[in-house]
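Please look over the chain shown here, and then read the report that follows, which moves from the overall fold to the cores, a sheet and the cysteines.

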Amino acid sequence: FILGETSRETDKPSSHVWIIDPDGANARQLTRTGTSHSSPAWSPDGQALAFVSQRDGSKPNAICLLPTDGGEARELARHRAMPGSLAWSPDGSTLAYTLPIDPDNPGEDQRDEDAPPPVRVVRRIDYKQDNRGFLNDTRMQVMLISTETGETRQLTREAFDHTEPQWSPDGGTIAAKISNRNGMHSQLALVDVGTGAVRRIGPEDGVLATWAWSRDGSLILFDGEDRNIAHTDYFRYDLATGDRRRLTEDLSFSSESGFPTISSPAQPVWLDDQTALVHGIEHGASGLWTIDAGSGDVTEVVRWEATHAGLSTDLPANLIVQAWSSLEGTGELMVFDRAAGETRIITSLNEAFFSETPPAKWEAFSIQRGGETIEAWLFMPHDFDPAGSYPVVLDVHGGPHGNYGYSFNLGAQVMADAGMLVVASNPRGSGTYGRHFANLVRGDWGGEDWLDLLAVLDKVLERPYADADRTGIYGYSYGGYMTSWAIGQTDRFKAAVCGAPVFDMESFYGTSDIGHD
């Protein structure tokens with residue numbers, strides 16, 4: 001796993017590859033050279049780890065191999081841009097990975113520092129992206145590299161971002177997500193490793209969330225939809241016939257599909273030839289479910305009052321490992337024993353920090369409004385005194401199909417630590433409640449969702465320690481839109497903070513990275 005830290009002395013971040021036994025014993029750091037590491041991937045025989053390491057020089061991003069029994073890491077290749085999504089071929093001879101490729105500079109040649117900046121020519125509407133900046137025609141492509149010689153080859157060339165390559169069991173095909181219009185729409189691409197020929201699954205205006213090859217390579221299980229809507233369902237794709245069949249209708253949970261440029265999806269794991277294990281979020285809480293690829297039957301395995309990320313298992317998929325976050329803490333590793341039904345947090349990486357800086361107290365509650373149940377969470381200072389009087393901040397999530405829930409809400413924690421009450425709600429339109437609830441916000445931004453938020457706030461203000469004369473509102477992205485909407489509707493808020501907001505829908509179309517759906 002990758003352990004990231006920030007030095008209190010220098011205020012600089014670092015990250016290294018660590019290894020730990022499934023029972024939490026024998027934790028040890030594997031990397032020492034370089035300051036930033038990412039994308040660790042086991043070799044098929046478990047004898048080596050591939051990872052990306054930031055080094056010095058004009059091409060600082062090295063793809064490295066490290067023997068797990070000790071020894072020095074061996075560099076396979078270096079790039080100026082950051083590689084990602086390392087994936088081993090079944091025979092261990094090749095690594096697939098993604099790399100930003102500029103078609104005008106495929107060799108990653110360094111520009112003369114004294115030369116004037118290049119003229120920026122925009123040819124497409126998805127010309128920039130959060131965390132990546134201006135893209136112009138640079139897109140993520142799938143690369144192949146020999147683990148023996150370091151020889152590289154660019155496999156994909158279409159002018160779309162390609163992410164999370166997965167090898168077929170026979171090593172002949174790679175399945176990768178291709179995104180257009182900055183990920184507002186996506187398909188699954190099956191790329192022939194020998195020729196680069198591409199077969200696309202799903203309509204161009206559809207969406208793709210997670211996917212995985214069956215053990216024998218005859219099927220692919222994925223969740224997506226035929227158009228960009230707030231909620232996905234599971235499908236199976238038959239490689240022999242090309243048949244794409246819907247397995248589920250209106251799941252109760254949302255798959256954990258990662259976040260572009262930040263985190264990878266929790267891909268399904270096949271348990272046998274017919275059944276796959278999937279990770280999702282339901283009512284703001286993580287859970288595991290099984291999907292029958294024949295009947296489409298969905299069975300809940302476990303649900304936690306926590307939010308997990310990633311999905312890694314041992315070979316028989318009896319032990320499930322995920323990153324763990326809850327309302328009480330974050331940044332730990334969790335192991336779930338599927339046979340015993342037991343969950344263990346196997347690390348205590350942030351125990352000292354939370355002992356020094358206790359997290360907020362919290363309470364979950366719900367209201368009934370307009371025929372819907374609206375869930376919310378109230379955060380209070382760790383030394384909360386019900387006899388006191390506290391200002392109240394309404395925290396609005398993004399999306400609008402994002403959600404709050406049983407995860408570490410950093411903004412709410414900071415405000416609660418500063419002596420405020422913070423209420424975080426999932427108004428209609430939020431994700432993790434099914435398709436009907438998510439779609440209630442379409443065409444109604446600032447309508448019934450706004451009234452849900454006000455009703456939740458009013459419920460909190462009924463409490464004697466909540467000061468109605470000291471209320472504020474804060475939100476990011478769609479939450480920023482709702483914050484700007486709020487201060488145009490009422491003067492009840494004494495302070496407002498709009499983060500990454502949408503103020504004008506017309507300019508949103510051409511000047512944002514996601515407004516052109």
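What share of the contacts in the protein with a separation of 6 or more is accounted for by residues 24 or more positions apart? In this predicted model, such residues account for 47% of those contacts.

**Overall dimensions**

The protein contains 6 helices and 36 strands, and 50% of its 517 residues count as buried. Along the principal axes, its C-alpha atoms fill a box of roughly 70 × 60 × 55 Å. The radius of gyration is 24 Å, which agrees with the value near 24 Å that a compact globule of 517 residues would have.

**Nonpolar cores**

The largest nonpolar core comprises 46 residues, and those with the most contacts inside it are Phe 365, Phe 379, Leu 421 and Val 423. Both strands and helices contribute, and the elements in the table each supply at least two residues of this core.

| Element | Residues |
|---|---|
| Strand E31 | 361-369 |
| Strand E32 | 372-380 |
| Strand E33 | 390-396 |
| Helix H2 | 410-417 |
| Strand E34 | 421-426 |
| Helix H4 | 448-461 |
| Strand E35 | 466-476 |
| Helix H5 | 478-487 |

The largest share of this core, 7 residues, comes from H4. With residues up to four places away in sequence not counted, Phe 379 touches a set of residues that includes Leu 327, Trp 362, Ala 412, Ala 416, Met 420 and Leu 421, and among its other contacts are Lys 361, Asn 409 and Gln 413. A second, separate core of 17 residues includes Leu 76, Leu 99, Ile 101 and Met 143.

**A four-stranded sheet**

An open sheet of 4 strands runs in the order E8-E9-E12-E13, with antiparallel pairing. Strand E8 (84-88) and strand E13 (152-154) each have a single partner strand and stand at the edges, so one side of each is left without a neighbour in the sheet. From one strand to the next, the twist averages 30°. Strand E9, residues 94-101, and strand E12, residues 139-146, pair in the antiparallel sense over 8 bridges, and Thr 98 stands opposite Val 142 in E12.

**Cysteines**

How many disulfides does the count come to? With a cut-off of 2.5 Å between cysteine sulfur atoms, the count comes to 0 disulfides. Cys 64 counts as buried because its relative accessibility is 0%, whereas Cys 498, with a relative accessible area of 28%, is partly exposed.

Terms used. Residues numbered from 1 in each chain as written. Predicted model: local features only at pLDDT ≥ 70, side-chain atom pairs only at ≥ 80, totals over all residues. Heavy atoms only, no water. Core = buried A, V, L, I, M, F, W, Y, C linked by side-chain atoms within 4.5 Å. Buried < 20%, exposed > 50% of the residue type's maximum accessible area, 1.4 Å probe, protein only. Contact = heavy atoms within 4.5 Å. Pairing = 2+ DSSP bridges. Axes fitted to C-alpha atoms, helices over the stretch in contact; angles between N-to-C directions. Rg over C-alpha atoms; globule rule 2.2 N^0.38 Å.
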